[in-house]
Amino acid sequence: MSSMSQRSHLTDSEAWTVVGRLEGGQTQAEVAQAIGVSQSVISRIWNRFLETGSAGRNQDKVIDGQQRPIKIVI
């Protein structure tokens with residue numbers, strides 16, 4: 001049985017911390033353990049960052065030159 005927290009949301013600040021740690025060379029598993037979430041949460045944040053350039057949930061995405069709000073729940 002895992003003692004990992006069952007958090008389903010990270011703050012935008014925590015999401016950017018995740019991106020920074022990954023860019024710094026830590027694995028998704030290492031970051032997940034340090035933050036206290038599952039590796040899948042880290043993967044979703046990383047994939048969102050790669051696709052949109054944003055780590056936060058409530059930031060806008062530019063599509064075809066127009067800024068459109070996006071909301072991704074992890």
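Is phenylalanine 49 buried or exposed? In this predicted model, phenylalanine 49 is buried, its relative accessible area being 17%, which falls under the 20% limit applied to buried residues. Tryptophan 16, by contrast, has a relative accessibility of 34% and therefore counts as partly exposed.

These two residues form one of the 2 aromatic pairs counted in the model. Their ring centres lie 5.8 Å apart and their planes meet at 80°, so the arrangement is edge-to-face. Because tryptophan 16 belongs to helix H1 (residues 12-23) and phenylalanine 49 to helix H3 (residues 39-52), the pair ties together parts that are 33 residues apart in sequence. Trp46 also takes part, as ring pairs link Trp16, Trp46 and Phe49 into a cluster.

Helix H2 (residues 28-35) contains the buried residues Val31, Ala32 and Ile35. Viewed down the axis of H2, the buried residues are confined within an arc of 100° and so line one face of the helix. This pattern can be set beside the general geometry of an α-helix, in which there are 3.6 residues a turn, so that residues three or four places apart point the same way. The buried residues of H2 pack against H1 and H3, whereas Ala29 and Gln33, on the other side of H2, are exposed. Just after H2, glycine 36 adopts a positive phi of about 95°.

An unreviewed UniProt entry places the feature "domain: HTH cro/C1-type" at residues 27-45. In the model, the span of residues 27-45 is 79% helix and 0% strand, and its end C-alpha atoms lie 13 Å apart.

Note on methods: Residues are numbered from 1 along each chain as its sequence is written. This is a predicted model: local features need pLDDT of at least 70, side-chain atom pairs count only at pLDDT 80 or more; totals for chains, interfaces and linings use all residues. Side-chain values use heavy atoms; hydrogens and water are left out. UniProt positions are given in the numbering used here, feature names are shortened, and annotations may be inferred rather than shown by experiment. Helices (H or I, at least four residues) and strands (E, at least two) are DSSP runs, numbered from the N terminus. Rings of Phe, Tyr and Trp (its six-membered ring) pair if their centres lie within 6.5 Å; planes under 30 degrees apart count as stacked, over 60 as edge-to-face and the rest as tilted. Buried means under 20% relative accessible area, exposed over 50%, partly exposed in between (1.4 Å probe, protein chains only). The arc is that of the directions from the helix axis to the C-beta atoms. Contact means heavy atoms within 4.5 Å.
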